[in-house]
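Colleague: I would like a close look at a single part of this model, written so that a first-year student can follow along with the structure on screen. Please take one spot and then work outwards from there.

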Amino acid sequence: MKYDFDKPIDRTGTHSVKCDAMPSGVPQDALSLWVADMDLPCAQPILDALHQRIDRKIFGYTLYENDELKDAVTGWYQRHFGWIIDKSDLFYSPGVVPAIAFLINCLTEEADGIIIQRPVYYPFTDTIEANSRKVVNSPLLRSGNTYVMDFADLDEKFAEEKNKGMILCSPHNPVGRVWTEDELCKVVEIAKKYDKWIISDEIHSDLTRSNIVHTPLLKLAPEYSHRIIACTAPSKTFNLAGIQFSNIIIPNKEYQEKWNHFVSNRFSLGFCNPFGLTAILAAYTQGDDWLTQVKAYIDSNIQYIEAFVAEHLPKAQVIDCQATYLVWIDLRGYCSDAKQLKTLMQKEAGLAFDEGYIFGEEGAGYERINVAAPRCIIEECMNRMKNAIEHYEKTGLPDPIKKKLPLHK
């Protein structure tokens, strides 16, 4: 079927985090383009399957350990990536971030270091620190209109005995990089050199641009699979974040035992949401056509923003977005002060973005914009941004507004 992604859907009043819990101080009429879920309708086969499940009238305890589900998950990754996953290596988590928290507890002790690459998805930092571990930053390097890894620095960080492993964001959020096979091989080579583990967050792997291919780390480095754990989910791909369902691939049998002890025994987390199970089965077996259409729509939104910025905001830079539906835009050419930029976007433009500095100090002066929205919303967003920046360049911000919003997450 042909999907209509142009029609806005009103999400207010649905207890949506994105729309009903916007950051403090953001005007009521602000456009909500911050939280990473889509403002686009789900695939019809998923909706149909959920309606059919509701008609069964009972929603009791539901097993993740079933062949139908695991066949759907492994079949998806084999079809789309040529990645053959052993069904016995699949484990359930209500989300990738909870899975990372579980794994941190399984694989490390308090005060151990865990490597991340900022600017990066900020829950990595929050989860590491909340579990009394140490964040070890190996910053990405800005290279023209993209980012690259600092392999020399990464080697130094892996070499430190107290640093036990790395959380790799692949594809990377927020900078939109899809790491090449060569880059991923270098990461594995360094980890192998010091016998350290890698947790590979691959939640955005399905959402690459039309000419870009994501490489699953476990497929690339089967010889090091005993030290790699992959985190995947349908949540970003199919706009199912609220379904609370992720698939964690753990080939190492010792790690599997630690996972089962910590997750199943200590926290009694075993049964999955029946609606999550139903939605995943439909998504991974009938969602291909919808995904093709939604990726093309997101690509066109990104192209629109790139053209708009080039014409109307020449001092801004849109970082090359190879994956995700999150545009990372550098606005330091207009406003280098992160606090004023936040005020400018939220108060003056009426735009709720994820501020760049929450991804690490390397992101100060950037904005992360969720572009998985109807085109009319994206057009309104960019025109608001343009008008606010033009006004700011002429008059600046009023002093009272400058002081209103502190820097906080």
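Which backbone nitrogen lies 3.0 Å from a polar atom of the side chain of T324?

Modeller: The model is a predicted one, so a word on confidence belongs at the start: the mean pLDDT of the chain is 95, and 97% of its residues reach 70 or more. Residues 400-409 call for care, since pLDDT stays under 50 there, and for that stretch the model has 23 contacts beyond four places in sequence.

Now to your question. The backbone nitrogen is that of L326, which lies 3.0 Å from a polar atom of the T324 side chain. T324 itself belongs to the loop between β11 and β12, and with a relative accessible area of 1% T324 is buried, because buried means under 20%. If we leave aside the neighbours within four places in sequence, T324 is in contact with H172, H204, L207, R209, I298 and I302.

From this loop we can step into the strands on either side. β11 and strand β12, which covers residues 326-330, pair in the antiparallel sense over 2 bridges, and in this pairing Q317 has D330 of β12 as its bridge partner. Both strands belong to an open sheet of 4 strands, in the order β11-β12-β15-β14, with antiparallel pairing. The edge strands of this sheet are β11 (317-318) and β14 (354-355), each of which pairs on one side only. As a general point, strands of a sheet pair through backbone hydrogen bonds, either parallel or antiparallel.

Further along the order, β12 is joined to β15 by 5 bridges, and the two run antiparallel; here I329 stands opposite E367 of β15. β14 and β15 also pair in the antiparallel sense, over 2 bridges, and E355 has E367 in β15 as its bridge partner. Strand β15, residues 366-370, is mostly covered, with 5 of its 5 residues buried. In a regular strand the side chains alternate between the two faces of the sheet. In β15, Y366, R368 and N370 point one way while E367 and I369 point the other way, and all of them are buried.

A second sheet can be read in a similar manner. This open sheet has 7 strands in the order β2-β10-β9-β8-β7-β3-β4, and its pairing is mixed. Its edge strands are β2 (90-93) and β4, each pairing on one side only, and neighbouring strands of the sheet are turned by 25 degrees against each other on average, direction ignored. Between β3 and β4 there are 4 bridges, and these two strands run parallel; G113 has K134 in β4 as its bridge partner. Helix α6 packs on this sheet, touching β3, β4, β7 and β8, and its direction makes about 140 degrees with that of β7.

It is worth asking which residues of α6 are turned inwards. An α-helix has 3.6 residues a turn, so residues three or four places apart point the same way. In α6 (residues 151-159) the buried residues are F151, D153, L154, D155, K157 and F158. They pack against β3 (113-116), β4 (134-137), β7 (163-169), α7 (181-194) and β8 (197-201). Helix α5, residues 123-130, has P123, F124, T125, T127 and I128 as its buried residues, and these pack against α4, β3, β4, β7 and β8. Just after α5, S132 takes a positive phi of about 60 degrees.

Helix α4 leads us to the aromatic rings. A pair of aromatic rings is described by the distance of the centres and the angle of the planes. The count for this model comes to 25 aromatic pairs. In one of them, the rings of F102 and F262 have their centres 6.2 Å apart and their planes at 55 degrees, so the pair is tilted. This pair links distant parts of the chain, for F102 sits in helix α4 (residues 96-107) and F262 in helix α10 (residues 253-266), 160 residues apart. Both F102 and F262 are buried. Elsewhere in the model, one aromatic cluster is formed by Y3, F5, W76, Y77, F81, W83, F238, Y284, W290 and Y297.

To return to where we began, T324 is the buried loop residue whose side chain has a polar atom 3.0 Å from the backbone nitrogen of L326, and the loop that holds T324 lies between β11 and β12.

Conventions
Residues numbered from 1 in each chain as written. Predicted model: local features only at pLDDT ≥ 70, side-chain atom pairs only at ≥ 80, totals over all residues. Heavy atoms only, no water. Buried < 20%, exposed > 50% of the residue type's maximum accessible area, 1.4 Å probe, protein only. Contact = heavy atoms within 4.5 Å. Phe/Tyr/Trp six-rings, centres within 6.5 Å; stacked < 30°, edge-to-face > 60°. Pairing = 2+ DSSP bridges. Axes fitted to C-alpha atoms, helices over the stretch in contact; angles between N-to-C directions. pLDDT = per-residue confidence, 0-100. Polar contact = N/O pair within 3.5 Å; in protein donor to acceptor, adjacent residues only side chain to side chain.
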